[in-house]
Amino acid sequence: MASTTFHKRAITAGIAALVLGLSACAGGDGDSTGDSTGDSGGGGGDLISVGFAQVGAESGWRTANTTSIKDALTQENGFDLKFSDAQQKQENQIQAIRSYIAQGVDYIAFSPVVESGWDAVLEEAKTANIPVILTDRAVDTEDESLYVTFIGSDFVEEGRRIGAYVSETLGTEPIKVVELQGTTGSAPAIDRKTGFEDATKDNPNVEIIASQTGNFTRAEGKTVMEGFLQAYPDIDVVYAHNDDMGLGAIEAIEAAGKVPGQDIKVVTIDGVKDGMQALADGKITYIVECNPLLGPDLADIIKTLDEGGTVEKRIVTKDEEFDQEAAIAALPDRQY
Ligand code: AHR
């Protein structure tokens with residue numbers, strides 16, 4: 001389904017081009033990463049001003065995602081990027097979005113910390129005629145007109161793919177699985193749990209004995225795994241919703257005198273360099289990728305909208321999957 005294309009900047013730019021007989025061009029220099037005061041200020045000028053409200057810096061994936069966005073939305077490329085880090089708190093993200101609305105930016109993009117609770121602030125953006133683009137994570141809303149498009153991975157499918165691997169490859173005999181969930185209430189935590197359960201539900205050999213959030217961080221993944229190891233002496237598999245929590249779990253497994261990859265298998269989602277290295281080293285057994293390099297596509301979407309074009313309402317990015325051999329082959333060229 002194609003999205004609507006109305007946007008105040010496209011109209012303003014069109015009028016300006018008619019009056020001046022000029023087409024818009026990028027210009028100016030300065031910091032593209034935050035509190036920028038480029039030519040457009042908030043809404044006019046040559047550069048397209050974009051307020052990006054990031055989740056935080058909780059994982060290697062997030063760091064790669066932030067770098068990709070900052071590298072793509074540069075002044076040289078025609079953007080005035082205002083970037084904020086919400087430190088994994090929804091209230092910080094809402095505050096950042098309100099500040100972008102007050103500044104009158106041309107576009108707002110964000111990756112929602114959690115799924116629910118966005119309608120009010122998105123209504124404010126809509127009233128201000130500022131198009132909103134969701135990157136990476138979805139919002140739970142009944143009013144799809146509150147955002148223009150959502151670009152990112154299919155998290156349910158990621159969970160399903162890792163669940164299929166566990167069921168078909170490890171679940172040929174009875175196995176006890178512990179799950180390290182992502183941030184409670186976030187789209188990837190909800191969807192990856194759903195996908196995994198869906199893929200393993202018909203295999204009676206696969207038993208999920210415990211499931212707890214590790215908030216997508218290495219430190220919390222380690223702490224939760226320490227608790228699991230004390231409570232359950234017979235864990236066979238750790239399913240971590242991201243590489244970082246899986247890497248934290250590996251530290252806990254090793255500290256408990258067990259061998260990750262042999263005594264306890266670890267399967268994860270993301271495919272960042274540290275995770276891929278652990279897979280190559282045999283400490284992680286399988287990874288389903290989640291591609292963080294959304295910056296170039298985000299830049300393209302904004303430029304398309306800015307020129308009055310349309311984009312799909314849902315853009316799904318492509319993810320691969322890796323075993324040890326594939327990780328060894330991919331590592332030398334891995335960008336993140
Ligand atoms: O939303 C994507 C998830 O968020 C990544 O899998 C995880 O590493 C990040 O923190």
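**The ligand and its shell**

In this predicted model, a polar side-chain atom of Asp-136 comes to 2.9 Å from a ligand oxygen. Asp-270 makes a similar approach: a polar atom of its side chain lies 2.6 Å from an oxygen atom of the ligand. Arg-192 contributes too. An N or O atom in the Arg-192 side chain is 2.9 Å from a ligand oxygen.

How much of the ligand's accessible area does the protein cover? On its own, the ligand has 290 Å² of accessible area, and the protein covers 100% of it. The site itself is the largest cavity, where the ligand sits.

Now look at what surrounds the ligand. Two elements each give two or more residues to the shell: helix H2 (60-72) and helix H6 (187-200). The full set of surrounding residues is Glu-58, Ser-59, Trp-61, Arg-62, Asp-136, Arg-137, Phe-155, Pro-188, Arg-192, Phe-216, Asn-242 and Asp-270. By character, six of the shell residues are charged, four are nonpolar and two are polar.

Next, the domains. Which domains supply at least three residues each to the shell? They are domain 1 (13-152 + 292-317) and domain 2 (155-290). Each of these two domains gives at least three residues to the shell around the ligand.

To trace the site, start from Asp-136, Arg-192 and Asp-270, whose side chains approach ligand oxygen atoms. Then follow helix H2 and helix H6 into the shell.

Methods: Residues numbered from 1 in each chain as written. Predicted model: local features only at pLDDT ≥ 70, side-chain atom pairs only at ≥ 80, totals over all residues. Heavy atoms only, no water. Near = heavy atom within 4 Å. Polar contact = N/O pair within 3.5 Å; in protein donor to acceptor, adjacent residues only side chain to side chain. Areas by Shrake-Rupley, 256 points an atom, 1.4 Å probe, with all protein chains shown as cover. 1 Å grid on protein atoms, 1.4 Å probe; cavity = no way out; pocket = protein on both sides within 12 Å on 5 of 7 lines; lining within 4 Å. Sits in = over half its atoms within 2 Å of the grid points. Helix = DSSP H or I, 4+ residues; strand = E, 2+ residues; numbered from the N terminus. Nonpolar A, V, L, I, M, F, W, Y, C, P; charged D, E, K, R; others polar. Domains from an automatic or database assignment.
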